[in-house]
Amino acid sequence: MTIRFSGVPTLLAAALAASAATAQTPGVTADTIKIGSFGALTGPGYLYGKLPMNGVEVVFDEVNKAGGINGRKLVLMREDDRCDPTAAIGAVKKLVEQDQVFAIIGGGCSNATFAAKDTLEASKVPTLIFASVHDGITTPPAANIFSTATTSSIESQAQVAYAIDQGAKKIAIVSMRDSWGRARYTPLLEAFKAKGITPVADEEMSPDANDATAQVLRLKAAGADAVLLLLYPKPAAVFIRDAQKLGFKPLFLGQTGIADPAAFEEQVGVPGATANFRTISQVRYTPEDPKMDKWRKLVEAKFPGDRLSVYNLFGIGSAEVLVEALKRAGKDITREKLIAAFDDMKDFKTEVYAAPITCSKTDHRCNKGPAWMAKDPGGPIKVLGFTAVGQ
Amino acid sequence: MLLFSYLLMSGITTGALYALVALGIVIVNKATGVINFAQGEFFMFSGYVGWMLHVQYGLNYPLSFVLATLIGFVLGMLTDRIAFRPIAKNDIVSLVLATVGIGFILKGLARVIWGGRSDYLSFPPITSPDPIMVGPLMVVPQQLAVIAGTAVIMLVFAAFFRLTRAGKMMQATADNARAALLVGIRTDQIYTLAFGTGAAIASAAAILTAPVTLIYPDIGFAFFLKGFAAAVLGGLSSLPGAVLGGLIVGIAESLAGGYIHSSVMELSPFLVIMVVLVVRPTGLLASRRARTV
């Protein structure tokens, strides 16, 4: 009997070629995968940078404790962009060219991340955005950039849909018209148009406003029964205080700029004023939820002095998605395989996001299920469900 | 009419706060000839100090107010001694840049000391948040408290300038520093006093403002901008002018927002200022000094 071994050299050659490809892949060695991250580590924007990164790191620690991904440990390299567009471009260049990372998970402040988009795209490094919501980052989609953050257009659609769902007949807008506000305001008007309705009032507030009497009186005169707030927490708190003061009590709908209803209630500081306030969160749980105990312990053990925050959860969810894509990319991992794994991700359930994660070749906005949260005055935060939009 | 009364009250309240910031700017400018670009940061820093005393350490509001104002006064005097006095003989641009630098340092210090707690810190209301109905008019106690507080502070400082020796020496130095020096007034000490007084007024304004807004490291610039506009409108060297300017800026903002649209709120006071300065370039209440050479 003759045993033919003619296929063996072919298989060997293929295996060697694959292993050579991996060996040539930047940031990947036999036992490590280098992942870069950029966002604000310092300054007030640290909430959207440092805290999600801390979340990413505890997920990586768990993966590494369990043996890594296909035997490779994940190594996180952080760069500070201080929420500054120029610094963000520099941070991405350093991660790509100097540190030679395999992939990137990061992006805190929208404007900084948006400024770095061209650099990210040109680098072809697979990138997963964890907090920046600017539409321009994912639309039109760059082949290598994906996002687990709910984008501003998704949130705008969710605000309109939720207001209608709650029976609102006269919906009004109060918005900031800086670059952050405009990134939400334009898609919001499109969302109104898509539903065939016109806002009954459309008012502006500056981020530094200390009084909203004029805006409240105009909305009250228009008879608004729902007010969509495209505001940072500070002007939003001033607006809700003044609304309470002037007896104006419609449904107030926020967005992820005001992601923590408990902190917001504290900022408003007037008992009962936030009773009609609902806001969007990228994640379905509050940090206090018993289901988050595991992550609370891990974050607080690794970063003494930190309390688990909703921003940590952004990083945890995003890291879970990255880890899953890395697993699906296989042992002979390449950047192309990782991008293909993201493109093919369908209905992947994480421990924190409200809706399953779905990406495609044409739509890299992978989280389309913003969760709605509310907090009864003095009571716990409640998750009210999620609005599936942009499918 | 109701709408007008609400908008007017709101305008007077914010205008009163702008007036206080403007007063601080005018006092330093009168004494030193320099616009203190750190005035907004004195305001911000004192807001944090007030929050620390009242919210963190649980002191009552009046005591927190007095202590924060005193701390502001000392901070202003120290700033003059440490950062301003050593370069006092330099050209005016260096002095102005020094105040900008002081502002950055104060902002950085605030971030180091109070950063990381939250984006924005809340100061509890000092009165009931519920409005009181006086006939058809709705009166908000918080607004009344701010207006009353501002009026008291203005009266105290007016008395200081008119009735105390230090106040009179400050006025004399402001009118003619060389003549003041010749009659034995230590003008260097007056400059220190001016910085301290300016910072103390900013502190008082901050503690009055804190319950109607939130405290954050960048709050100072917005107040400085409006306060500076009010000071320019009033004449930059006139204390009553600063008060009048502040009130005009606040009321213009509020009425424009209510009757035209909220998008013109930020713009309206500057339009008013532009018109006034075209008609009266020295400002509303500046003394006209014609000098023939």
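**View 1. The cis peptide bond before A:Pro140 and its loop.** A:Pro140 is found in the loop between helix H6 (135-138) and strand E5 (145-147) of chain A, where helices (H or I, at least four residues) and strands (E, at least two) are DSSP runs numbered from the N terminus. The peptide bond that leads from A:Thr139 to A:Pro140 is cis, with omega near -5°. This is a predicted model, in which local features need pLDDT of at least 70 and side-chain atom pairs count only at pLDDT 80 or more, while totals for chains, interfaces and linings use all residues. Residues are numbered from 1 along each chain as its sequence is written, and chains are lettered from A and ligands numbered from 1 in the order in which they are written.

**View 2. Loop residues of chain A with positive phi, and A:Thr86.** A:Arg82, in the loop between strand E2 (73-80) and H3 of chain A, has a positive phi of about 50° although it is not a glycine. A:Arg82 counts as buried, with 21 C-beta neighbours inside 10 Å; a residue is buried if 20 or more other C-beta atoms, placed from the backbone, lie within 10 Å of its own, exposed if 12 or fewer, and partly exposed in between. A:Lys124, which is found in the loop between helix H5 (117-123) and strand E4 (127-129) of chain A, is likewise not a glycine and has a positive phi of about 60°, but with 14 C-beta neighbours inside 10 Å A:Lys124 counts as partly exposed. A:Thr86, in helix H3 (residues 85-98) of chain A, is exposed, with 12 other C-beta atoms within 10 Å.

**View 3. The crossings of helix H6 of chain B with H5 and H8.** The axes of helix H5 (residues 141-163) and helix H6 (residues 165-175) of chain B come within 5 Å and cross at roughly 80°, so that H5(B) is roughly perpendicular to H6(B); axes are lines fitted to C-alpha atoms, for helices over the stretch in contact, with angles from 0 to 180 degrees between N-to-C directions, and angles of 65 to 115 degrees count as roughly perpendicular, under 35 as roughly parallel, over 145 as roughly antiparallel and the rest as oblique. In this crossing B:Phe160, B:Phe161, B:Arg162 and B:Leu163 of H5(B) meet B:Gly167, B:Met170 and B:Gln171 of H6(B), two residues being in contact if their C-beta atoms, placed from the backbone, lie within 7 Å. The axes of H6(B) and helix H8 (residues 187-209) of chain B come within 10 Å and cross at roughly 105°, and H6(B) is therefore roughly perpendicular to H8(B). Here B:Ala166, B:Met169, B:Met170 and B:Thr173 of H6(B) make the contact with B:Thr187, B:Ile190, B:Leu193 and B:Ala194 of H8(B).

**View 4. The side of chain A that touches chain B.** In this interface 25 residues of chain A are in contact with 28 residues of chain B. Strand E7 (201-204), helix H9 (213-222), helix H10 (233-245) and helix H11 (261-268) of chain A each supply at least two residues of the side that touches chain B, and H10(A) gives the most to that side, with 6 residues.

**View 5. The surroundings of B:Val21.** Not counting residues up to four places away in sequence, B:Val21 touches B:Gln39, B:Phe43, B:Ala202, B:Ala205, B:Phe223, B:Phe224 and B:Gly227.
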